[in-house]
Amino acid sequence: MTSLFESQDAAAEPVECLGQTFPSDQARREHYLKLLAEKLKDPEFRKQEGFPQGTDEAILAMSDPPYYTACPNPWLAEFVEHYGKPYDPQQTYSREPLAIDVSVGKTDAIYRAHSYHTKVPHLAIVPSILHYTQPGDIVLDGFAGSGMTGVAAQWCGTAPASYRHEIEMAWKQEGRKAPQWGARRVVLNDLSPAATFIGANYNIPFDVDAFAKAGKQLLKEVEQEIGWMYETLHSDGKTKGRIEYTVWSEVFSCPECAGEVNFLDEALDTESKRVRESFPCPHCNVGLTKKKLERLYINTLDKVTGETLSTPKRVPSLIAYRIGKTKYEKKPDAADLALQQRIDALPLHENVPVVAFPFADMWEAPRMRDKGITHTHHMFLPRSAQAMGALWEKALAHPSPRIRSFLLFMVEQAIWTATLLNRYRPTGYSQVNQYLAGVYYVASQHSECSPWYILDGKLDRLTKTFRPVKLASNVAVTTGSAAQLPLSDDSVDYIFTDPPFGENLPYAELNFIVEAWHGVTTQAKLDAIVDRAKENRAAQKSVEDYRKLMADCFSEYFRVLKPGRWMTVVFSNTQAAVWNGLQTAMQQAGFVVANVSALDKKQGSFKAVTTAVAVKQDLVISAYKPNGGLEQRFAQRGATPESAWDFVQTHLKQLPVVKMRNGELEFVAERDPRILFDRMVAWFVRHSAPVPFSSQEFQDGLRSRFPDRDGMVFLGLREVVWVDSPDFTAPVACK
Ligand SMILES: C[S@@+](CC[C@H](N)C(=O)[O-])C[C@H]1O[C@@H](n2cnc3c(N)ncnc32)[C@H](O)[C@@H]1O
């Protein structure tokens with residue numbers, strides 16, 4: 001592998017980065033890593049909000065500065081200043097709010113290249129970036145997760161001709177101008193280092209062929225080292241089979257005779273591959289169901305921590321193996337059990353993290369304790385721990401930092417499948433990724449998959465997927481809180497963001513298992529979630545705490561966005577309180593909501609959401625930052641009726657004049673007088689100013705000032721040719 005690295009270096013070309021030219025990309029990386037290492041020694045630097053937990057070495061090992069740091073990125077503001085355009089109040093900019101279908105693109109290979117909780121596909125984001133920005137603009141996503149906003153921004157420059165044609169035709173039909181193709185620069189932030197590591201690897205260029213070669217080599221070396229752990233003897237007594245997965249079953253006790261019952265052996269119908277509802281006890285023949293059984297526990301000594309653990313008794317129950325291309329199944333025999341004993345006796349692989357789960361702060365603590373899991377290494381059976389340790393060790397040993405990072409991007413995708421969380425699905429096409437998403441749930445039957453069964457196909461797919469993708473260094477990824485972005489005021493052209501959904505997912509907790517392998521974990525206290533279930537009461541977060549955390553993040557968004565520019569927020573939650581909390585947070589920060597749409601998945605169309613009711617759909621919220629003119633005038637005039645009419649006048653300019661669906665004019669809900677009243681009230685509340693009139697007075701005033709058509713309010717009947725006046729230096733040019 002060293003030769004591969006040397007050949008890359010020999011072919012190295014000078015690279016430009018933040019205005020400096022380096023003889024090679026490796027020289028660029030070394031230069032910035034040295035600077036980052038110095039920064040990390042500064043206690044003030046580490047005091048930043050959302051700084052992850054990890055040693056300097058672990059943070060440096062994940063990072064590829066200045067494009068990616070697994071901590072707040074010290075070069076972020078410079079990146080934006082260098083590649084972006086400064087805010088120019090004289091520049092005219094006008095867009096109408098745009099709703100997007102966030103379910104588009106979920107089968108796309110790039111989207112599926114690495115999983116993450118509640119991913120928004122890049123193909124759903126692309127139309128939005130094309131609509132609100134121009135090539136070279138700076139796009140920001142502060143809750144970037146796996147970095148799909150970055151992939152979308154790059155796609156605007158690399159999309160194939162067929163895709164461009166499709167979008168151009170669709171826009172033409174809607175009477176819109178053709179989009180301006182060309183990559184946008186993007187800033188991605190997330191609190192979780194696991195997330196930013198995925199985002200960085202998705203977006204920073206790498207040599208796909210070198211990765212393909214290194215990936216094959218890695219899997220081959222792991223096979224040479226631990227292949228013996230996955231051998232089994234075929235029924236002919238001489239041919240060696242290669243184990244794909246072993247199914248482990250928990251052992252229960254019969255309530256009638258107290259005999260041991262291997263659940264899978266008794267309940268699985270091997271013909272139909274279905275688990276039977278009821279089955280007889282193998283000892284006393286009494287009718288049993290899963291509910292009637294009592295789980296058996298055994299005490300085991302953890303040789304690493306010295307702890308005695310009470311864990312469910314588990315036995316290997318079924319082995320799925322292959323000889324050549326033919327698949328077989330067998331019950332484990334004496335040789336298989338002897339092999340297992342040999343593996344059990346090995347010391348834990350030194351690359352497997354031994355980290356106590358922060359149970360006091362976790363929702364899943366009771367469930368995990370019940371299964372005898374207190375530390376990260378307890379998540380793996382001994383053979384899987386050896387396999388994951390070997391994969392990680394070999395990926396880490398690759399001499400080229402960029403290839404090493406992408407190898408880890410591949411290897412870390414085996415972690416969840418390799419844990420006890422991976423359930424046995426007898427009817428599943430594959431046993432890979434068979435864990436329940438969003439929880440640490442350990443089922444009674446576990447499929448323990450071999451590393452090649454998990455990763456052979458993944459390696460091929462990654463290679464095929466990324467080979468045609470032309471990535472450029474258009475991205476800067478940072479790890480920290482969205483409430484403290486190291487960016488200058490008024491520097492970003494557009495924000496696309498998919499914030500945490502209140503009580504739905506504890507991201508820090510779920511990312512912990514992967515982050516432990518990297519040695520850098522999320523600063524969980526800033527995870528913007530509603531969190532009631534923790535044992536540590538001080539760490540609980542109410543809906544109000546969530547609203548406050550989100551308000552801080554939206555205030556930061558407001559600070560860094562250029563005046564007059566837009567933010568798209570996608571959001572999905574079933575609780576009205578969380579949805580209201582989010583809306584309030586956004587408005588308190590200063591954003592004016594111009595449109596809220598819910599996607600009707602059956603019809604593929606959008607419906608305006610006009611009331612703060614409980615929602616069960618994906619919402620797309622379009623909000624803008626008013627320009628300085630409106631703010632200044634408000635400061636001068638205070639809480640007067642003039643300020644209210646100024647707000648309405650400015651806001652109307654941001655709303656769509658017409659909306660067409662199936663060739664018919666559609667009602668523009670945001671032009672409804674009641675919604676305009678709500679928006680105006682929110683604007684006054686945000687300025688802590690009393691609202692100058694009642695709803696009725698507002699409606700009367702509105703009627704006398706603005707024309708009304710079919711229940712919608714307009715600036716003037718000739719709104720389309722409305723001209724900016726010195727009195728109303730609104731943020732956008734006239735429509
Ligand atoms: C809904 S997910 C975003 C998923 C993303 N759209 C994707 O496609 O992968 C929300 C993200 O917000 C992050 N997060 C939670 N609290 C945060 C905070 N205070 N600052 C920044 N990120 C935060 C979580 O780690 C999580 O990755």
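**Exercises on the ligand and the cysteines**

In this structure, a nitrogen atom of the ligand lies 2.9 Å from a polar backbone atom of L526, which is a polar contact (a pair of N or O atoms within 3.5 Å). The model is predicted, with local features needing pLDDT of at least 70 and side-chain atom pairs pLDDT 80 or more, while totals for chains, interfaces and linings use all residues. Residues are numbered from 1 along each chain as its sequence is written, and side-chain values use heavy atoms, with hydrogens and water left out.

**Exercise 1.** Find which side chains lie 2.7 Å and 2.6 Å from ligand atoms.

Solution. Begin with the oxygen atom of the ligand that is 2.7 Å from an N or O atom in the side chain of D190. Then turn to D498, whose side chain has an N or O atom 2.6 Å from a nitrogen atom of the ligand.

**Exercise 2.** Work out how the residues of the shell around the ligand divide.

Solution. Start from the 25 residues that surround the ligand (a heavy atom within 4 Å); Y116, S146 and A482 are among the closest. Sorting the shell gives 12 nonpolar, 9 polar and 4 charged residues, where Ala, Val, Leu, Ile, Met, Phe, Trp, Tyr, Cys and Pro count as nonpolar, Asp, Glu, Lys and Arg as charged, and the others, Gly among them, as polar.

**Exercise 3.** Explain why C71 forms no disulfide (a pair of cysteine sulfur atoms within 2.5 Å).

Solution. Locate the closest cysteine sulfur, which belongs to C17, and note that it is 16 Å from the sulfur of C71, too far for a bond. The count accordingly comes to 0 disulfides.

Terms used. A polar contact is a pair of N or O atoms within 3.5 Å; within protein, one must be able to donate a hydrogen and the other to accept it, and residues adjacent in sequence count only if both atoms are side-chain atoms. A disulfide is a pair of cysteine sulfur atoms within 2.5 Å.
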